[in-house]
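Thanks for sending this over. Here are my notes, set out point by point so that you can follow them with the model open beside you.

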Amino acid sequence: MQTAINCRNLCFSYHDGSAALRGVSMQVTTGERLAIVGPNGAGKSTLLLHLNGILQRASGLLEVCGREVSKANIGEIRARVGMVFQHADDQLFMPTVFDDVAFGPLNSGLPAEEVRRRVAEALEQVGLAGFESRAPYHLSGGEKKSVAIATVLSMSPEVLVMDEPTSNLDHRARRRLIRLLQSLRQTLVIATHDLRMVQEVCGRVIVLDGGAVMADGPTAALLGDSELLEQHGLEAI
Amino acid sequence: MHMPDVLVSPAVALPGLAASGALLAWSCRKAAREMDDRRIPLMGVLGAFVFAAQMINLPLVVLPGVSWHLVGAVLMAAMLGPYAAFIVMAAILTIQALLLGDGGLLALGCNIFNMGAVSCFLGYAVYSAATSWLGGARGRAAGIVLASAVSLTAASLAAVIQIHLSGKSPVSLASAAWLMGSVHALCGIGEGVLSVAVLAFVAKARPASVQERSPAERAAMRKFALAGLAVSLVIGGFVSYWASSLPDGLEHAGEVLRWPFVEEAEESASFMSSVMTGLLTTAIAFAVSLVLAAVMSRARQAVPERS
Amino acid sequence: MNSPVHRLDPRTKLVCTGLFCMLVVSWPQARLGWIALCLLPLGAAVVISRLPLPYLLKRCVMLSPLAATVAVFFPFTHASGQVLASVGPLNLYADGLLLAGGILARFLLTVLAATVLACSTPFASLLKAMATLRVPRLFIMVLAFLYRYLFVLVDEADRMRRARDSRTPRPGGLGRFMAARGMLGMLFIRAFDRSDRIYSAMLARGFDGNVQTMQQLSFGRADAAAAAAFAVYLCGVVAVLRM
């Protein structure tokens with residue numbers, strides 16, 4: 001079993017000096033599905049942004065897919081770690097769906113034929129085959145979310161990182177997304193408030209609060225512990 | 001001020017396209033070299049902001065029934081620098097022409113020149129001069145108001161001249177210049193005051209976006225201001241010399257006008273007098289904007305902000 | 001919407017529209033009657049593109065204020081030719097009237113042509129056309145982002161305006177000014193934050209400063225046919241005008 005993410009004692013502070021992450025440590029094996037839960041301001045998004053080097057840690061060790069996350073490796077890291085942000089609108093910034101999904105592979109320097117193939121495959125995987133020439137503005141919320149995931153899948157990442165994937169989705173779109181997440185083979189790291197989705201998709205949960213890891217264990221055990229959830233601002237299910 | 005194709009003859013439109021194209025290419029090269037990659041989406045989104053902002057109409061208190069809106073050129077120049085601002089304004093004008101039909105396709109070159117190049121470069125030159133001369137927040141405020149007034153007036157005068165050179169103006173150059181110039185000077189002051197107010201609002205929430213300039217940047221701004229001033233003087237001098245020596249195609253309409261209103265302006269209808277008119281308007285705008293800026297910065301200190 | 005005109009290469013349409021507008025704008029005033037010849041290619045474009053004419057005409061009317069204002073002066077100030085009517089100091093000149101008519105006719109033709117172009121060409125393909133025509137890449141990127149987020153920000157501005165309108169406004173100009181300042185300030189801040197998020201998303205997908213694009217335009221037989229037909233038309237018109 002290989003380690004997809006190796007994180008030891010990660011520390012990070014905001015511009016104003018307040019600590020965002022205090023000594024976060026976690027190991028994620030390849031193929032594992034991890035949920036990171038916690039109250040608002042716990043540092044979930046901040047932690048995620050370290051995984052592909054958008055934020056640089058102040059101290060600690062961080063390795064993804066066997067490579068240290070640093071400026072020198074950043075191209076390789078970003079080719080292997082696909083990040084889906086919370087607001088789909090900000091991820092779909094090209095004129096057409098095709099352009100958006102092709103953005104990643106093109107940046108990797110792949111030839112046109114290969115790019116076209118990957119785009120078709122990615123759109124197929126999220127259930128939006130044939131959407132190539134649509135404009136992002138006219139898509140529904142669920143469709144935008146799916147395209148956002150496709151833009152990342154087309155890069156064939158090893159690790160998929162998602163920030164609040166089910167937020168703002170109606171029931172049908174959320175169902176479709178959960179089914180999609182269940183079908184993915186990649187290592188998943190999902191920051192979310194949607195504990196029901198976590199139950200269906202993720203095998204392991206880390207509770208983050210105040211920038212530190214409060215609990216780390218199997219989904220059933222942690223989500224069954226209502227005291228723990230209550231303590232860290234989460235609603236027991 | 002978006003000129004449709006009918007008002008601009010090909011003899012004026014084509015050089016306009018060429019000039020704007022050249023300026024655009026040059027600005028893109030300069031901006032690409034000086035800018036952080038982060039600026040690229042910022043330019044696009046700020047362009048969309050200006051577009052959306054132009055939808056918010058305000059009444060022109062002095063002339064009832066007329067409304068104005070933010071043009072945004074000087075605001076962009078103050079935030080992004082002149083080259084990036086010009087690119088943004090050119091993009092806005094291109095979309096307005098291509099998608100909305102606001103401004104003709106052939107006339108796009110002239111429109112970009114007037115509302116993009118003149119507004120951004122001349123505006124930035126004036127802004128730099130005021131900022132580096134007066135210094136501090138007050139200088140910045142005064143700079144924006146003055147730059148808005150001057151650049152909007154100059155842009156409108158450029159449009160008037162272009163329509164005249166195309167032979168498509170029904171009134172004399174002097175009267176058109178006087179009317180357009182004064183209205184736009186007023187709008188420019190309003191735009192400047194609004195821009196300063198918006199920037200003050202933004203500075204509190206996102207101080208990173210409205211930074212104080214470093215000494216190196218201030219020196220560069222001073223150089224730009226001087227260069228801009230020199231270029232404007234040369235162009236202004238050249239244009240007025242050339243225009244005044246043109247055969248009276250320009251003054252033909254004025255000579256035979258019978259409409260009493262315009263006749264009065266015709267008494268003083270030489271090109272130099274319309275240049276004088278423009279300068280006078282600018283001087284008045286300068287004085288008014290300095291007073292307004294002083295009042296505004298004092299007012300801001302006296303009244304606590306309620307956001 | 002789909003039609004043979006929609007499917008033409010955007011470069012063909014751009015060039016033809018540009019040349020058409022030049023023709024219309026340069027049409028000699030002395031042969032104004034013949035300007036109806038311009039309806040030939042324009043009419044063909046409208047019919048083949050299946051765009052609704054009432055909609056096209058409505059857009060022309062909406063865009064006309066500036067041209068109409070300028071035109072309306074000419075009958076009174078262009079003092080040559082016959083005087084048709086006289087009211088006090090104002091005289092209505094025949095030549096001036098013809099000039100005004102010429103301006104309005106030319107306006108209608110050019111704006112209709114530009115509207116057909118805009119409605120039959122998706123913006124994304126216009127951007128690709130510009131890339132092939134060697135327009136600077138930075139400018140194209142700014143255009144692309146601007147267009148993409150235009151509707152998003154206009155929606156935001158609309159929502160803010162409605163929220164502001166539903167609150168009791170402070171009376172007078174100052175109230176509206178302060179409201180505008182607040183709206184513009186919020187819009188600006190949101191735009192600023194949004195561009196930060198977009199940049200992060202770009203970085204996450206491997207953006208390193210160079211935008212790679214894929215050329216997808218193709219010049220087909222329809223384009224060659226359209227270009228040839230238009231060229232023939234132009235030669236014909238020039239010949240007629242020379243007569």
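**Notes on the model**

1. Let me begin with the overall form of chain C. Its radius of gyration is 24 Å, where a compact globule of 243 residues would come near 18 Å. That radius is taken over C-alpha atoms, and the globule rule is 2.2 Å times the number of residues to the power 0.38. The C-alpha trace of chain C spans about 65 × 60 × 30 Å along its principal axes.

2. A word on the ground rules. This is a predicted model, in which local features need pLDDT of at least 70 and side-chain atom pairs count only at pLDDT 80 or more, while totals for chains, interfaces and linings use all residues. Residues are numbered from 1 along each chain as its sequence is written, and chains are lettered from A and ligands numbered from 1 in the order in which they are written.

3. Chain C has ten helices and two strands, where helices (H or I, at least four residues) and strands (E, at least two) are DSSP runs numbered from the N terminus. Along the sequence the pattern is α-α-α-α-α-β-β-α-α-α-α-α. The domain assignment, an automatic or database one, gives domain 1 (4–121 + 218–242) and domain 2 (136–204) of chain C. The C-alpha centres of these two domains lie 36 Å apart.

4. How much of chain C is buried? Buried residues make up 36% of its 243 residues. Here a residue is buried if 20 or more other C-beta atoms lie within 10 Å of its own, exposed if 12 or fewer, and partly exposed in between, with C-beta atoms placed from the backbone. Of the contacts in chain C with a separation of 6 or more, 70% are between residues 24 or more positions apart; a contact means that two C-beta atoms, placed from the backbone, lie within 7 Å.

5. Do look at helix α7 (residues 123–132) of chain C. Seven of its ten residues are buried, so the helix is largely enclosed by the rest of the structure. Among them are C:F123, C:L126, C:L127 and C:M130, and C:K128 is on the list too. What do the buried residues of α7(C) pack against? Their partners are α4 (82–100) of chain B together with α2 (10–26) and α8 (137–165) of chain C. After α7(C) comes C:R134, with a positive phi near 65°.

6. Chain B has eleven helices and two strands. Of its 307 residues, 55% count as buried. Among contacts in chain B between residues at least 6 apart in sequence, 79% join residues at least 24 apart.

7. Chain A has an open sheet of four strands in the order β2-β1-β4-β5, with antiparallel pairing. Strands β2 (19–29) and β5 (67–68) of chain A stand at the edges, each with a single partner strand, so one side of each is left without a neighbour in the sheet. Pairing requires that DSSP finds at least two bridges between the strands; β4 (residues 59–64) of chain A and β5(A) pair over two bridges. A:V64 stands opposite A:R67 in β5(A).

8. Two backbone angles to check. Most residues other than glycine have a negative phi. A:N168, in the loop between β7 (159–163) and α7 (171–183) of chain A, has a positive phi near 65°. C:R50 has a positive phi of about 60° and lies in the loop between α3 (39–49) and α4 (53–63) of chain C. A:N168 is partly exposed, with 14 other C-beta atoms within 10 Å, and C:R50 is partly exposed with 13.
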